[in-house]
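I opened this notebook to keep a record of what I looked up, one topic at a time. The entries start with the whole chain and end with single residues.

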Amino acid sequence: MCKVCLCNEQSAEDPLISPCKCKGYCGLIHMNCLKMWINNKVKKEISGLAVSYNFTKFECEICKSPFPKIVRTETE
């Protein structure tokens with residue numbers, strides 16, 4: 001079950017993955033749910049002509065392990 005949307009369904013386009021060290025009921029997350037979580041963690045700052053994108057921490061909020069920079073699925 002996905003720890004974000006609490007759904008068991010998955011597809012080739014949106015598989016359940018385990019990107020951190022969490023185990024059990026909170027160990028899986030849909031690829032699209034992870035993408036949405038990442039987009040919500042990005043802070044965009046505009047200063048004149050410059051635009052900066054910053055993460056506060058790129059880690060699991062539960063187990064505190066860092067998320068991988070690349071996630072590959074069997075379809076890739």
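What follows are my entries, in the order in which I made them.

**Entry 1, confidence.** I noted before anything else that this is a predicted model, and I therefore looked up how far the predictor trusts its own result, since pLDDT is its confidence in each residue. The chain averages a pLDDT of 85, and 95% of the residues score at least 70. I then went through the elements and found the highest mean, 93, in strand β2 (residues 29–30), while the lowest, 81, belongs to strand β4 (residues 50–55).

**Entry 2, layout.** I counted 1 helix and 4 strands in the chain, and on reading along the sequence I wrote down their order as β-β-α-β-β.

**Entry 3, dimensions.** I looked up the radius of gyration, which is 14 Å for this chain, whereas a compact globule of 76 residues would have a value near 11 Å. The C-alpha trace spans about 45 × 25 × 20 Å along its principal axes.

**Entry 4, surface and burial.** I recorded an accessible surface of about 5,900 Å², with 54% of it belonging to carbon and sulfur atoms. Of the 76 residues, 29% are buried.

**Entry 5, charges.** I found 11 positive and 8 negative side chains, and the centres of these two sets lie 10 Å apart.

**Entry 6, contacts.** Taking the contacts in the chain with a separation of 6 or more, I noted that 37% of them are accounted for by residues 24 or more positions apart. For a single case I turned to I38, which has its place in helix α1 (residues 31–41). Which residues does I38 touch, leaving aside its neighbours within four places in sequence? I found that I38 is in contact with F55 and F58. The second of these, F58, is 20 residues from I38 in sequence, and their C-alpha atoms are 8.0 Å apart in space.

**Entry 7, backbone angles.** I kept in mind here that most residues other than glycine have a negative phi. L6, in the segment before β1 (16–17), has a positive phi near 60°. Is L6 buried or exposed? L6 has a relative accessible area of 57%, and it counts as exposed because that value is over 50%. K64, in the segment after β4, also has a positive phi, near 70°. With a relative accessible area of 49%, K64 is partly exposed, so I did not enter K64 as exposed, a word that requires over 50%.

Conventions. Residues numbered from 1 in each chain as written. Predicted model: local features only at pLDDT ≥ 70, side-chain atom pairs only at ≥ 80, totals over all residues. Heavy atoms only, no water. Helix = DSSP H or I, 4+ residues; strand = E, 2+ residues; numbered from the N terminus. Rg over C-alpha atoms; globule rule 2.2 N^0.38 Å. Buried < 20%, exposed > 50% of the residue type's maximum accessible area, 1.4 Å probe, protein only. Contact = heavy atoms within 4.5 Å. Areas by Shrake-Rupley, 256 points an atom, 1.4 Å probe, with all protein chains shown as cover. Lys, Arg positive; Asp, Glu negative; His and termini not counted. Charge placed at Lys NZ, Arg CZ, Asp CG, Glu CD. pLDDT = per-residue confidence, 0-100.
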